[in-house]
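Work through the exercises below with the sequence and the model side by side. Try each task yourself before you read its solution.

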Amino acid sequence: MRECTFLVDCPISQVLKKDIDKKTMFKNICIGEFVQCYRWKLRSSKQDVPITLMPDGTYMK
Ligand code: SF4
């Protein structure tokens with residue numbers, strides 16, 4: 001298991017880490033299978049990342 005290469009400055013990671021309902025997503029993706037993260041995919045290909053985009057491709061409300 002590795003940490004996401006964008007963990008330090010990803011604005012969503014801290015939200016996920018602190019939100020009890022989303023902690024699982026943080027554990028599974030941000031410090032796990034981060035290559036599956038929609039944010040990671042966009043950022044890795046130098047595309048703009050919508051601020052509310054979640055790792056699973058949904059949008060934060
Ligand atoms: S939300 Fe995606 S880009 Fe951000 S730290 Fe987690 S895995 Fe990385």
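The exercises go from the whole chain to its ligand, its core and two single residues.

The structure is a predicted model, and the solutions should be read with that in mind.

**Exercise 1. Describe the fold of the chain, and decide whether its radius of gyration agrees with that of a compact globule.**

Solution. Begin with the secondary structure: the chain contains three helices and zero strands, so that reading along the sequence gives the pattern α-α-α. Next, take the overall extent, for which the C-alpha trace spans about 30 × 30 × 20 Å along its principal axes. Finally, compare the radius of gyration with what is expected: a compact globule of 61 residues would have a value near 10 Å, and because the chain has 10 Å, the two agree. As a further step, note that 21% of the 61 residues are buried, and that, of the contacts with a separation of 6 or more, 36% join residues 24 or more positions apart.

**Exercise 2. Find out how many residues surround the ligand, and which classes they belong to.**

Solution. The ligand is surrounded by 13 residues, of which the closest are Cys 4, Cys 10, Ser 13, Cys 30 and Cys 37. Then ask which elements give two or more residues to this shell: they are helix H1 (11–18), helix H2 (23–30) and helix H3 (38–44). Sorted by class, the shell holds 11 nonpolar residues, one polar residue and one charged residue.

**Exercise 3. List the residues of the largest nonpolar core, and state which helix gives the largest share.**

Solution. The largest nonpolar core has 10 residues, namely Cys 4, Cys 10, Ile 12, Leu 16, Phe 26, Ile 29, Cys 30, Phe 34, Cys 37 and Trp 40. H1 and H2 each supply at least two residues of this core, and the largest share, three residues, comes from H2. As a general background, nonpolar side chains in soluble globular proteins tend to be buried together.

**Exercise 4. Determine where the buried residues of H2 lie around its axis, and what they pack against.**

Solution. First identify the buried residues of H2, which are Phe 26, Ile 29 and Cys 30. They cover an arc of only 95° around the axis, and therefore they lie on the same side of H2. The face turned away from this buried side carries the exposed residues Lys 23 and Thr 24, whereas the buried residues of H2 pack against H1.

**Exercise 5. Decide whether Trp 40 and Arg 39 are buried or exposed, and list their contacts beyond four places in sequence.**

Solution. Start with Trp 40, which lies in helix H3. Trp 40 has 21 C-beta neighbours inside 10 Å, and therefore it counts as buried. Leaving aside neighbours within four places in sequence, Trp 40 is in contact with Cys 4, Phe 6, Phe 34 and Val 35. The C-alpha atoms of Trp 40 and Thr 5 are separated by 8.5 Å, although these residues are 35 residues apart along the chain.

Continue with Arg 39, which also lies in helix H3. Arg 39 has 24 C-beta neighbours inside 10 Å, so Arg 39 counts as buried. With neighbours within four places in sequence again left aside, Arg 39 is in contact with Cys 10, Ile 12, Val 49, Leu 53 and Pro 55. The contact with Cys 10 can be checked from the other side, for Cys 10 touches Cys 4 and Arg 39 when residues up to four places away are not counted.

Terms used
Residues are numbered from 1 along each chain as its sequence is written. This is a predicted model: local features need pLDDT of at least 70, side-chain atom pairs count only at pLDDT 80 or more; totals for chains, interfaces and linings use all residues. Helices (H or I, at least four residues) and strands (E, at least two) are DSSP runs, numbered from the N terminus. The radius of gyration is taken over C-alpha atoms; the globule rule is 2.2 Å times the number of residues to the power 0.38. A residue is buried if 20 or more other C-beta atoms lie within 10 Å of its own, exposed if 12 or fewer, and partly exposed in between; C-beta atoms are placed from the backbone. Two residues are in contact if their C-beta atoms, placed from the backbone, lie within 7 Å. A residue is near a molecule or strand if its C-beta atom, placed from the backbone, lies within 6 Å of it. Ala, Val, Leu, Ile, Met, Phe, Trp, Tyr, Cys and Pro count as nonpolar, Asp, Glu, Lys and Arg as charged, and the others, Gly among them, as polar. A nonpolar core is a set of buried Ala, Val, Leu, Ile, Met, Phe, Trp, Tyr and Cys residues joined through C-beta atoms within 7 Å. The arc is that of the directions from the helix axis to the C-beta atoms.
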